[in-house]
Every structure is written in structure tokens, then in C-alpha cells.
Amino acid sequence: MVTFFALLCLSIAIIESMAGILGDGIILAVSASSCIGSKTWSPYDMIMISLSSSRIILHCWNTLDFLRTIFFETSYYKENFFIASKVIFTFLNYISFCLWFGACLSVFYCIKVASFTQPFFIWMKQRIARLVPWMLLTSWLYSFAAAIPFTLGLYNEHDNFTAPLPMTNSSAMRTTREDNLTLLLYVCNAAISLPLILSVVSSVPLIWSLWVHTRQMQNNASGFRDPSLEAHNSAIKSVCSFLILYITYFTCLLLLLSNTFSFFSDEENICMVIMAACPTGHTLVLIWSNPKFRELTARIWHHTKCPLRTTSM
């Protein structure tokens, strides 16, 4: 039975997902329009198209999953749908906000913006445009490769737990099944930890480089408003907010995949609300930090206000 608190959390998560679909649609429209008619796609646009499109799919799936949970609770644990839901949820999270595409964005920011003089870093900066397509392709392949053993392990463990235990050695067999499930969770957690490490390793040097450069610009400032200084401060806030949202999302995802909380518990519902809010929050940060995204958002807001004014008159 869906409690009032669970229904409230699911409703909030649906609203957050719908807002995320709108925001990612703006990013996708701007990035795709920049690539249409161009012979070469910029690495940033390729990452934005991949990130925003995967998030739209993730938000749509989460919305459908939330609605099914509310209106068709009794059929949620049917074998085929339960396994498909878990696998699709895991795969979309692998490639969308929390994991690989987010890690690709962090690596791209670090290489393009940070000012380090190490030979390897300079070599990466010169070749980042050619490396981005391979990074995105590797993200897809890694996600598929990680989802396959998770799918097989989840299917086998679902059959094992739903099958009746024989009377002989029942305690030993139950212990073996629990050990297998624990091993599956450890493997899954290890798979999703790699892009998090990559994102943190790339974000921390970037924040340090921006902070040092900002301090130098502040010492040399003449007292007038400096657009470059404001751009650096905006970049620091953007990267820091993304890193906080990334780690928060990863923690909630780890708790849900590890089955730490019981089904429809208050803790699980709060995790779902947070996981729906983090991608939407990062989308808003991306729109706020990019003038092209802000321009389209302002135009849409202007066009939505005009009919309202006409109607009120």
C-alpha cells in the first residue's frame, strides 16, 4: 500500500523529472542546432547532445516507473518487469548524469580550462577534440559491458530467491544465495565507482587551477568590473556545484542499488526525490553558465508570458 509520504515523494520526483526534461530539451535543441549544417561538431556540443539526450530518456523512464509504482503497485514485482526496470535504470544511470557522460564533461572541462604545464596535460589539450568521440563511445561500451553481468546476475538471483528451498541444507543454501547477491552488489558498486573517481580526479585540479588564476586576477585588478574575473568565479561555482550534485547522486544510487532500504520506506522515497533533483539541478547550472542556453530559455519564457498578458487583457 502506497503511503501518503511515498505518494508525496513520488509526485515531487515526477515534477522534478518533468522540469529536467524541459531543461535538457533546451540544451539538446541549442547543441543540435549548432551542429546542423556544420562539417565538424565541436567536442562540447557532442558531450552536451549525449548528456542531455540520455538524461531525457532517464527522466522519461523514471517518470513512467514512478507512475507505474503509484497506479500498478501490485504488478511492480512481477519477474519480467522487475528485472527490466532494474536493468534499464542501472544502464541509464551508468551513461547519463551520475556516471560516464558526467565524467566525460568533467574531463573535458579540466583539459580545456585548467592551465597546467605538464607535458602529458599539454598533449591531451592538443588532442581533446579527437579524443571526445572515443570517450563517448567508450562510455556506451562500458555501460553495456557492465549491464550484461548485472542483468544475468539479477535474473539468476531473482529465480533463486523466488524458488522454494529444499528442507535439507536450507540454511546453507540460503547463505550461498545471499553471498552471491552480495558479490553481485559489490561488482556493481565497483563498476559505478570508476567514473566517479575519474570525475573527482578531474574536477579537483580544475577547481584548484581556477582558484589560483582567480586570485592572480584579483591581485592585478584595477578596481573596475572585470568580465574575465566574473567568468572564472562563475566557472568555479559551476564546477563545485556539479561535483556536490555528482557525489550526492552517486551516494543515493549506491544506496538504492545495494538494497539498503526496504521497499517504499521513507529513506528510499527521499533517495528517489534527491536522485530526481540532482540531474535537474545540474541542468539548471549548465543553462545558467552558458549564454546560448540562457538566451533560448529567456526567449521561451518571453513567449510564454506574452499569451498570458494577452489573455488577461
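1. Asn269 is a buried residue, with a relative accessible area of 0%, and its place in this predicted model is in helix α8. Once residues up to four places away in sequence are set aside, Asn269 touches Phe5, Ala6, Cys9 and Phe264. A reader new to the structure may find it useful to begin at this position and then to turn to Ile270, which has its place in helix α8, residues 266–289.

2. Ile270 is partly exposed, with a relative accessible area of 40%, whereas Asn269 is buried at 0%. Together with Phe4, Phe5, Leu8 and Ile12, Ile270 forms a nonpolar patch on the surface, and these residues have about 470 Å² of accessible area together. Helix α1, which spans residues 4–35, supplies the largest share of the patch, namely four residues. Phe5 therefore appears in two settings, as a member of the nonpolar patch and as one of the residues that Asn269, itself buried because its relative accessible area of 0% is under 20%, touches.

3. As for the fold as a whole, the secondary structure of the chain comes to nine helices and zero strands, and the pattern read along the sequence is α-α-α-α-α-α-α-α-α. Of the 313 residues in the chain, 43% are buried. Among the contacts in the chain with a separation of 6 or more, 77% are accounted for by residues 24 or more positions apart. The chain exposes about 17200 Å², and carbon and sulfur atoms supply 69% of that area.

4. Which two side chains meet in a salt bridge? They are those of Arg55 and Asp24, with a distance of 3.7 Å from N to O, and a search of the whole structure finds one salt bridge. Arg55 lies in helix α2 and Asp24 in helix α1, so the pair ties together parts that are 31 residues apart in sequence. Both partners, Arg55 and Asp24, are buried, and for Arg55 the relative accessibility is 1%. As background, side chains of opposite charge can pair when their charged atoms come close.

5. Arg55 deserves a second look, since the surroundings of this residue in helix α2 also include positions far along the sequence, as its separation from Thr280 shows: 225 residues in sequence, against 9.1 Å in space from C-alpha to C-alpha. The side chain of Arg55 is also joined to the side chain of Thr283 by a polar contact of 2.8 Å.

6. Ser52 is likewise found in helix α2, and it is buried, with a relative accessible area of 1%. A polar atom of the Ser52 side chain lies 2.6 Å from the backbone oxygen of Met48. Leaving aside its neighbours within four places in sequence, Ser52 is in contact with Asp24, Ile27 and Leu28. Asp24 is thus a shared point of reference, as a contact of Ser52 and as the salt-bridge partner of Arg55.

7. How many aromatic pairs does the structure hold? There are seven. One of them is formed by Tyr44 and Phe108, a tilted pair with 6.2 Å from centre to centre and 35° between the planes. Tyr44 lies in helix α2 (residues 43–71) and Phe108 in helix α4 (residues 100–113), so this pair ties together parts that are 64 residues apart in sequence. Both rings belong to buried residues, as Tyr44 has a relative accessible area of 18% and Phe108 one of 6%. Ring pairs also bring in Tyr109, linking Tyr44, Phe108 and Tyr109 into a cluster.

8. Another ring pair is made by Phe242 and Tyr246, whose centres are 5.4 Å apart and whose planes stand at 80°, so the pair is edge-to-face. Phe242 and Tyr246 are four residues apart in helix α7 (residues 227–257), and are therefore separated by about one helical turn. Phe242 and Tyr246 are both buried.

Note on methods. Residues are numbered from 1 along each chain as its sequence is written. This is a predicted model: local features need pLDDT of at least 70, side-chain atom pairs count only at pLDDT 80 or more; totals for chains, interfaces and linings use all residues. Side-chain values use heavy atoms; hydrogens and water are left out. Rings of Phe, Tyr and Trp (its six-membered ring) pair if their centres lie within 6.5 Å; planes under 30 degrees apart count as stacked, over 60 as edge-to-face and the rest as tilted. Helices (H or I, at least four residues) and strands (E, at least two) are DSSP runs, numbered from the N terminus. Buried means under 20% relative accessible area, exposed over 50%, partly exposed in between (1.4 Å probe, protein chains only). Patches are made of residues with over 30% relative accessible area and no salt bridge: like charges are joined within 9 Å, nonpolar side chains (Val, Leu, Ile, Met, Phe, Trp, Tyr) within 5 Å. Accessible areas come from the Shrake-Rupley method with a 1.4 Å probe; for residues, only the protein chains shown count as cover. A salt bridge is a side-chain nitrogen of Lys or Arg within 4 Å of a carboxyl oxygen of Asp or Glu. A polar contact is a pair of N or O atoms within 3.5 Å; within protein, one must be able to donate a hydrogen and the other to accept it, and residues adjacent in sequence count only if both atoms are side-chain atoms. Contact means heavy atoms within 4.5 Å.
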